Amino acid sequence: MLEKLEQIRLAAQQALLKAESPQELEALQLSLLGRSGQLTEILRTMGKLQKDERAKVGQAANKVKRELEAAIAERTTQLSELQKAQRLAQERLDITEPGKVLRPRGRLHPMTKTYREIRDALIGMGFITFDGPEVELDENNFTLVNMPPDHSARDMQDTFYINDRVVLRTHTTPCEVRALKTLKPPFRVVVPGRCFRVDEVDASHSPIFMQMEGLVVDRNITMADLKGTLDTFVHAVFGEDVKTRLRPSYFPFTEPSGEMDISCTICKGKGCRVCKGTGWLEILGCGVTNPHEIENCGLDPHEWSAFAFGLGVDRVTSLKYGITDIRLEYENDARFLRQF
Ligand code: DAH
């Protein structure tokens, strides 16, 4: 009996060392101490022993039982600690890892950026945004901005006609008419918009293009107001170092009219291919609004005066980013747009 006990003890200790999980230990415990376990069997058969032998074996068996119980319990704790540590290591989440990119991030079109920069600089000077339709009355597009039907300046703009009275607007200037007719002066508006002209597509022409119009209506407007406003937004878009100059020009809707140049963004005014050696780049048309236009829109030109300007958002964007082909700005090739 005692020998058998010793065998059970040794075998159990071996098994204990080999066990790799709390589940295995539980099975071991059952096979030793369960209802039909090896030790249990011995304890059960003890009744058949002699009295003095029974005491000896009983003591020994109980000792083995306690020893094994304690060993199994200790090993179980050990193994479950280990298992927990492994699980924690496995399930560890690195919350500093960058997330999965499910959809590439969108970005603003360079023309939208340019427009917003100009707009925001103007809003800082009290302008509000204003809007007008792309399909426009001939009357607003031409006649009321001082280009009546027989006016030679109409030839400057090859027009898409919808019918005798309706055109695709050739510039954002008709929005001046809409603003003058609906807003109560004094006011300042900035109007972005798509415009259309019959043009072959090439590196510098597109039949669809983006313009931006500005109009300031107040009493006693002068060219100085115009120049100060233009200088402010040009510097906001191109930086403080850029120089500006106003040249006389002609537009039917302004008198006097001018064109604003900025010092070449490529050569900084020294003269290069982009500025054709002049050191200057034209960026917009402008002027003091022709009193005819103010009167055509129902305001008294003796009381109200105005200045206006119009620019090609595509052109200003080209100059700002050094884009040499206008088509890139309208074709929306993602490889091009991703660069901004
Ligand atoms: N509408 C002109 C164009 O498309 C641009 C322009 C010039 C607008 C002078 C103006 C202005 O308001 O005063 O070429």
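This report walks through the salt bridges, the ligand shell and some backbone details of the structure above.

The model is predicted, so local features need pLDDT of at least 70 and side-chain atom pairs count only at pLDDT 80 or more, while totals for chains, interfaces and linings use all residues. Residues are numbered from 1 along each chain as its sequence is written, and side-chain values use heavy atoms, with hydrogens and water left out.

## Salt bridges

Let's start with the charged pairs. The structure holds 16 salt bridges, a salt bridge being a side-chain nitrogen of Lys or Arg within 4 Å of a carboxyl oxygen of Asp or Glu. Three of them are set out here, with the distance between the closest N and O atoms.

| Acid | Base | N to O distance |
|---|---|---|
| Asp138 | Arg154 | 2.9 Å |
| Glu303 | Arg219 | 2.6 Å |
| Glu259 | Arg247 | 3.2 Å |

Where do these partners sit along the chain? Helices (H or I, at least four residues) and strands (E, at least two) are DSSP runs, numbered from the N terminus. Arg154 is in the loop between helix H6 (138-141) and strand S3 (166-168), and Asp138 is in helix H6, 16 residues apart. For burial, the terms are buried (under 20% relative accessible area), exposed (over 50%) and partly exposed in between, with a 1.4 Å probe and protein chains only. Arg154 is buried at 11%, and Asp138 is buried at 9%.

The pair of Glu303 and Arg219 forms a salt bridge. Glu303 lies in the loop between helix H9 (291-296) and strand S9 (305-312) and Arg219 in the loop between strand S5 (208-218) and helix H8 (223-238), so the bridge ties together parts that are 84 residues apart in sequence. Glu303 is partly exposed at 34%, as is Arg219 at 43%.

Glu259 and Arg247 also meet in a salt bridge. Here the link runs between strand S7 (residues 254-263), which holds Glu259, and strand S6 (residues 244-251), which holds Arg247, twelve residues apart. Glu259 is buried at 15%, whereas Arg247 is partly exposed at 27%. Through shared partners, salt bridges join Arg245, Arg247, Glu259 and Asp261 into one network.

## The ligand shell

Now for the ligand. It is surrounded by 15 residues, the closest being His171, Thr173, Arg197, Gln211 and Glu213; a residue is near a molecule if one of its heavy atoms lies within 4 Å of it. A polar side-chain atom of Arg197 lies 2.9 Å from a ligand oxygen atom. For the side chain of Gln211, an N or O atom is 2.8 Å from an oxygen atom of the ligand. Phe309 takes part through its backbone, with an N or O atom 3.5 Å from a ligand oxygen. On its own the ligand has 350 Å² of accessible area, and the protein covers 91% of this. Two or more shell residues come from each of S5, strand S8 (280-289) and S9.

## Backbone details

Which peptide bonds are cis? One joins Pro185 and Pro186, with omega about 0 degrees; another runs from Glu255 to Pro256, with omega near 0 degrees. Pro186 is in the loop between helix H7 (174-182) and strand S4 (187-196), while Pro256 lies in strand S7.

Two lysines are also worth a look. Lys268 has a positive phi of about 60 degrees although it is not a glycine, and phi of Lys276 is near 50 degrees. Lys268 is in the loop between S7 and S8, and Lys276 lies in the loop between S7 and S8 too. Lys268 is exposed at 62%, and Lys276 is exposed at 74%.

Methods. Polar contact = N/O pair within 3.5 Å; in protein donor to acceptor, adjacent residues only side chain to side chain. Areas by Shrake-Rupley, 256 points an atom, 1.4 Å probe, with all protein chains shown as cover.
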